[in-house]
Amino acid sequence: MGATQSGELSSLNDRANELKAFKNDIPQEKARQRIEHQLTRYTGDLSQATPRVLSNFLFSMEAGGKTQFHRCPHAGAASAGKRIILTCKREECPDPRNCPHIPNATIPNTCKISSSPDSVRNTVSHLRAIYRRLGKTNRWVDGSTAEENPALSTEIEKHIEFKEKEAVDALVQPIQATPLFKEDVDNILIEMRAQAANSKTLRERTGWLQQAALVSILQASGRRPGDIIRLHLHLVLYLPEKSGLLFIMTIHKTAGSSGISRFAIKRQQSAAKCTVADLENYLRALIAFRHNFNNTCLLFPNLATHHSKNKPYSWHAKNSTMRLDVTNKYIEWFAARLNIKSKVTLYGIRIANALETKELATKEALARTMEKGGWTTEVSAELYTKFFPATSNITAPTTLVTKWIAEPSENRVLALINK
């Protein structure tokens, strides 16, 4: 073998190892591997598992749950979901530390602690993906064929329904943080935009516009703050005629069969209340600030530190993003100025978004639509991006993502923002 061929082979091997490391570094891939390891230990043989075995496996995992199912006077109150309740959170309580709502103050941890319905759905999503990789792609009927997926069955769907009913009966609400609803977020955004407008330096203005863009996207999408700050710059695209934005997430917490998720945000007529305009103003400020986009390829990099271009995107997605603790402090400051009395956090925006969605009559259809980014079919998404047609024959998510990043779409925001 010649020196040139040897060098090329070495380069290919290095690239293959880099792709493998990228795949294994994705949070949902790590979660899938962990669940697969646990399931293997539980069943002994993955290929022989039935829906009943998987249902029992899901019940066995509940010991590690973190959601408390209150069947006491705290159900539905602000303390719902907390393991230990030392003071009553009801406004009408005359003595929060010695009230009838805490009959066993010395043993407050009396209600059931288990997995939430969302956690169970997450795990089931991973289970379905695990069996799809084993070639079991069909819905389970009776197990007579090798292609039937035990996680894609009526029994598992009933298991999820049981967990949802249990949560409803116990009045469990998604109050992992105090909800921060749209009206309050809009007022905080007004304050952030004012800070940007009154900034004395371009650096300061860019920082405030970054904060406003992040909060605005969180409010419009209802996604996790930690997922949004990891967005790849080349995977944010304009919809036709710049009518909105399509976001594609490749490194995120939400479990999915492919590990890829997307959502869309439409442009509003009023620029003062438009998420698309907030992001455009932020990116134009970054361009004026001469920010080197190629160093991290992050939509929301930490502007206070130097970033090495020798590190891959997956590394920067962990180490180079803007700091959420700083943003939390800012919104707490603005909330105090606006006389918002409840505790505010970025995650509270996601919680409020979830609560508002559940109030709609078509909540199930809307939830599915939001999860897929506004598209009812993958075909419609193909009409708006150059990614899917170019990679229609690629089945491995890691290869797919790598090709997207290597061949950026003509519709990406950074390419069209000033046109």
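Contact here means heavy atoms within 4.5 Å. Keep that in mind for the views below, which come from a predicted model.

**View 1. The whole protein, with its 17 helices and 7 strands.** Start by getting your bearings. Of the 419 residues, 43% count as buried. The protein exposes about 22500 Å², and carbon and sulfur atoms supply 51% of that. Now think about who touches whom: if you take contacts between residues at least 6 apart in sequence, 62% of them join residues at least 24 apart.

**View 2. The largest nonpolar core, a set of 46 residues.** In soluble globular proteins, nonpolar side chains tend to be buried together. Which members of this core touch the most other members? They are Phe247, Leu279, Leu283, Leu299 and Phe300. Several helices and strands chip in at least two residues each, including helix H6 (182–197), strand S6 (244–249), strand S7 (261–266) and helix H9 (275–288). Helix H7 gives the largest share, with 8 residues.

**View 3. Phe247 and the residues it touches.** Leave out anything up to four places away in sequence, and Phe247 still touches Ile217, Leu231, Leu235, Val236, Ser261, Arg262, Phe263, Ile265, Leu279 and Leu299. Two of these, Leu279 and Leu299, are listed with Phe247 among the core members that touch the most others. Apart from this core lies another one, made of 15 residues, among them Leu58, Val124, Tyr131 and Ile156.

**View 4. Ser243, in the loop between S5 and S6.** Is Ser243 buried or partly exposed? Its relative accessibility is 36%, so Ser243 counts as partly exposed. The side chain of Ser243 reaches the backbone oxygen of Pro240 at 2.9 Å. Skip its neighbours within four places in sequence, and you'll find Ser243 in contact with Lys266 and Arg267. Have a look at Ile265 too: Ser243 and Ile265 are 22 residues apart in sequence, while their C-alpha atoms are 8.9 Å apart in space.

**View 5. Two cysteines, Cys274 and Cys297.** Why does Cys274 count as buried? Cys274 counts as buried because its relative accessibility is 1%. Cys297 has a relative accessible area of 16%, so Cys297 is buried as well; the cut-off for buried is under 20%. A disulfide is a covalent bond between the sulfur atoms of two cysteines. How many disulfides does the structure hold? The count is 0.

Terms used
Residues are numbered from 1 along each chain as its sequence is written. This is a predicted model: local features need pLDDT of at least 70, side-chain atom pairs count only at pLDDT 80 or more; totals for chains, interfaces and linings use all residues. Side-chain values use heavy atoms; hydrogens and water are left out. Helices (H or I, at least four residues) and strands (E, at least two) are DSSP runs, numbered from the N terminus. Buried means under 20% relative accessible area, exposed over 50%, partly exposed in between (1.4 Å probe, protein chains only). Accessible areas come from the Shrake-Rupley method with a 1.4 Å probe; for residues, only the protein chains shown count as cover. A nonpolar core is a set of buried Ala, Val, Leu, Ile, Met, Phe, Trp, Tyr and Cys residues joined through side-chain atoms within 4.5 Å. A polar contact is a pair of N or O atoms within 3.5 Å; within protein, one must be able to donate a hydrogen and the other to accept it, and residues adjacent in sequence count only if both atoms are side-chain atoms. A disulfide is a pair of cysteine sulfur atoms within 2.5 Å.
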